[in-house]
Amino acid sequence: MEPYFLTNHLAGLLLLVTTQAWGAMELSQRSANMEGRQGATKVGGVGSRLAMLAALIATTIVVNVAPHAVPAATIRPGAVACAVGLVILLAGLVLRGWSFKALGQYFTHDVMVSPEQPVITVGPYRVLRHPSYTAVLLIGIGVGLASANWAGLAVVMLLILTPLLWRIHIEENALLTTLGDRYCAYAARHKRLVPLVW
């Protein structure tokens, strides 16, 4: 069985355009912050970034293979699953862009901290400590649902969540060590990824 977005040309085109827009947004943000911040220390090396890249490549494979490998896990109707997936994907893109804007110069693809950086509490950071990672999770859910296969969605979630949790661990340790009580107070009042849950 083919993934729904491969059998419906409009769905496939919409998925392609939205994922390409995400890629362009990430590249634009990366090039804008290529030099990093003056006086900031890189933490954790490139491992978490490479793990996320590997997860995204594996996600692409999974959403194409899962409907063939586990046809019994097909989500019906496929059109509804794909439409809901695209809406969630778009919500993730909007949240990711909003997170970029709220952090401004403090958003980097590498984990970087400096003692003088502020704890950002505007935009989506009023609600969550890591809304940009929540956005990546939403994008993963959206892509997984667009495949219209429960098994594909489950594997995609595992692939995306694993490196995100690792990166959150690295980032939170760095922020607590560098910013101390300022970040500790913020963390005590804000959940990490899911409002009111965790």
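In the predicted model, Arg-129 and Glu-172 form a salt bridge in which the closest N and O atoms lie 2.8 Å apart. This pair connects distant parts of the chain, with Arg-129 placed in the loop between strand 2 (111-113) and helix 5 (131-146) and Glu-172 in helix 6, 43 residues apart. Both Arg-129 and Glu-172 are buried. For Glu-172 the relative accessibility is 7%, and this residue therefore falls under the 20% limit for burial.

Glu-172 also forms a salt bridge with Arg-192, for which the closest N and O atoms are 3.2 Å apart. Here again distant parts of the chain are linked, since Glu-172 belongs to helix 6 and Arg-192 to the segment after helix 7, 20 residues apart. Arg-192 has a relative accessibility of 25% and therefore counts as partly exposed. Arg-129, Glu-172 and Arg-192 are thus linked in a network of salt bridges.

The structure holds three salt bridges. One of them joins the side chains of Glu-26 and Arg-96, with an N to O distance of 2.6 Å. Glu-26 lies in helix 2 (residues 9-32) and Arg-96 in helix 4 (residues 78-103), so that the pair links distant parts of the chain, 70 residues apart. Glu-26 is buried, its relative accessible area being 14%. Arg-96 is likewise buried, with a relative accessible area of 6%.

The helix that carries Glu-172 was next examined together with helix 7. The axes of helix 6 (residues 150-179) and helix 7 come within 6 Å and cross at roughly 130°. The two helices are therefore oblique to each other, because a crossing angle of this kind lies between the 115 degrees that bounds the roughly perpendicular range and the 145 degrees above which helices count as roughly antiparallel. On the side of helix 6, the residues that meet helix 7 are Glu-172, Leu-175, Leu-176 and Leu-179. Their counterparts in helix 7 are Asp-181, Arg-182, Tyr-183 and Cys-184. Glu-172 accordingly takes part both in this helix contact and in the salt-bridge network with Arg-129 and Arg-192.

The segment after helix 7 (181-189) also contains His-190. This residue is buried, with a relative accessible area of 12%. Leaving aside neighbours within four places in sequence, His-190 is in contact with Tyr-125, Arg-126, Val-127, Leu-128 and Arg-129. Arg-129 is therefore a contact of His-190 as well as a salt-bridge partner of Glu-172.

At the level of the whole protein chain, there are seven helices and two strands. From the N terminus on, these elements follow the order α-α-β-α-α-β-α-α-α. Of the 198 residues in the protein chain, 45% are buried. Among contacts between residues at least 6 apart in sequence, 85% join residues that are at least 24 apart.

The protein chain exposes about 10,100 Å², of which 69% is supplied by carbon and sulfur atoms. A nonpolar surface patch of about 470 Å² is made by Leu-50, Leu-53, Ile-57, Ile-61 and Val-65. Leu-50 is found in helix 3 (residues 47-69). With a relative accessibility of 52%, Leu-50 counts as exposed, because the limit for that class is over 50%.

Terms used. Residues numbered from 1 in each chain as written. Predicted model: local features only at pLDDT ≥ 70, side-chain atom pairs only at ≥ 80, totals over all residues. Heavy atoms only, no water. Helix = DSSP H or I, 4+ residues; strand = E, 2+ residues; numbered from the N terminus. Buried < 20%, exposed > 50% of the residue type's maximum accessible area, 1.4 Å probe, protein only. Contact = heavy atoms within 4.5 Å. Patch = residues over 30% accessible without salt bridge, like charges linked within 9 Å, V, L, I, M, F, W, Y side chains within 5 Å. Areas by Shrake-Rupley, 256 points an atom, 1.4 Å probe, with all protein chains shown as cover. Salt bridge = Lys/Arg side-chain N within 4 Å of Asp/Glu carboxyl O. Axes fitted to C-alpha atoms, helices over the stretch in contact; angles between N-to-C directions. Parallel < 35°, antiparallel > 145°, perpendicular 65-115°, else oblique.
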